[in-house]
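Please open the model in your viewer and keep the sequence panel beside it. The stops below go from one selection to the next.

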Amino acid sequence: MVRSCARMTAAAVILVVVAAALHACWNLLTKRGVDKLVFIWWTGVVGSVLLLPATAWLAPAPAWPDGLAPRVGLAAVLRATYFFSLTAAYSRDDLSVVYPVARGVAPVVVAIAGVVFLHERIAAQAVIGIVAVAAGVYTVHLEGFSLQAFAASVSALRSRALIYALLTGGLTAAYSIIDKWNINDGVPPVWYAYLTIPVAALLLTPAAIARRSWQREWQLNRVPILLVSVLMTGSYLLVLFALLLAPVSYVAPSRELGIVFAAVLGALLLGERFGPARVVATAAILIGVVLIVSSHG
């Protein structure tokens, strides 16, 4: 029995590590888009068509719980806003800056919300994790470790890129909570992962069409768009399936390996500067997130 559980946990961690790599990859491809908002809109349009047959084959249409439509709509609104914020951040700063901040902030928001709104007690380990994430966010723009560099980082905290990255992290926390609420109410994960795609794409359509670059974006990036439409949903499904095999305390920290993958991809494929300060900041965010999530185990 113990050996079987260990194998299930190992399988879950492998699924999540693969999901983290896929998540970092679709963010890399989005970052390389010309008009990043239009790029992500195209992935929703393509995904709505491309993934429907696979969704219907994997999970026949279920009996929906009462009142589901408004809740799926809420999830889609949050997802669309998340895409808007994420692409705005990528239009202004590096992948290796935006991704760690956006991924690292979500567990902090959830932990703080639990204390403020649900009066939950927070473990000392989680407090240390929150401090580590905050330190990483502060130092991710540092040019070095001098006092002058630390002082200059204050202005970076007011940059639009970092504000959008922080907002993205908050939105990630919000739609994750809504997702858990909906799935716990009996919505099959495969259909739920699919349903928000066309609604979010529809919500982004006015902004995408108004930018008048949608034809050019498709001409230049049709292959990356096709890849992201699959990678995005695939990475999410792998995490959902992993949660069926192992406790969230194993799954959630493993997801944050995407921070490392994104940092490496940004340096190797985008030529982003990745000096000692950014290495330390990325490590601090990663360690902080793992401390926060594992404190619930």
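A salt bridge, as the term is used on this tour, is a side-chain nitrogen of Lys or Arg within 4 Å of a carboxyl oxygen of Asp or Glu. Please keep in mind throughout that this is a predicted model.

**The whole chain**

Begin with the cartoon view, coloured by secondary structure, where you will find 13 helices and zero strands. The protein has 297 residues, of which 48% count as buried. If you look at the contacts with a separation of 6 or more, 86% of them are between residues 24 or more positions apart.

**R211 and D35**

Next, select R211 and D35 and show their side chains, which meet in a salt bridge with an N to O distance of 3.0 Å; the structure holds one salt bridge. R211 lies in the loop between α9 and α10, whereas D35 lies in the loop between α1 (2–31) and α2, so the pair ties together parts that are 176 residues apart in sequence. With a surface display switched on, you can compare the two partners: R211 counts as partly exposed because its relative accessibility is 42%, while D35, at 12%, counts as buried.

**K36**

Now move on to K36, whose place is in helix α2 (residues 36–50). Which side chain of opposite charge is the nearest to K36? It is D35, 7.7 Å away, and K36 is buried yet has no salt bridge. Since the cut-off for a salt bridge is 4 Å, the distance of 7.7 Å to D35 lies outside it. What you can display instead is the backbone oxygen of G33, which lies 2.9 Å from a polar atom of the K36 side chain. Leaving aside its neighbours within four places in sequence, K36 is in contact with T30, K31, T87, Y90 and S91, and these are worth showing as sticks.

**The largest cavity**

Finally, turn to the empty space inside the model, where there are three cavities of 30 Å³ or more. The largest cavity holds about 110 Å³ of space. To find it, select T43, G44, F83, I197 and M232, which are the closest to its centre among the 15 residues that line it. The elements that give two or more residues to this lining are α2, α4 (68–90), α9 (189–210) and α10 (214–245). Colour α9 separately, as this helix gives the most to the lining of the largest cavity, with five residues.

Technical notes. Residues numbered from 1 in each chain as written. Predicted model: local features only at pLDDT ≥ 70, side-chain atom pairs only at ≥ 80, totals over all residues. Heavy atoms only, no water. Helix = DSSP H or I, 4+ residues; strand = E, 2+ residues; numbered from the N terminus. Buried < 20%, exposed > 50% of the residue type's maximum accessible area, 1.4 Å probe, protein only. Lys, Arg positive; Asp, Glu negative; His and termini not counted. Polar contact = N/O pair within 3.5 Å; in protein donor to acceptor, adjacent residues only side chain to side chain. Contact = heavy atoms within 4.5 Å. 1 Å grid on protein atoms, 1.4 Å probe; cavity = no way out; pocket = protein on both sides within 12 Å on 5 of 7 lines; lining within 4 Å. Points joined across faces, edges and corners; volume = space filled by probe spheres on them.
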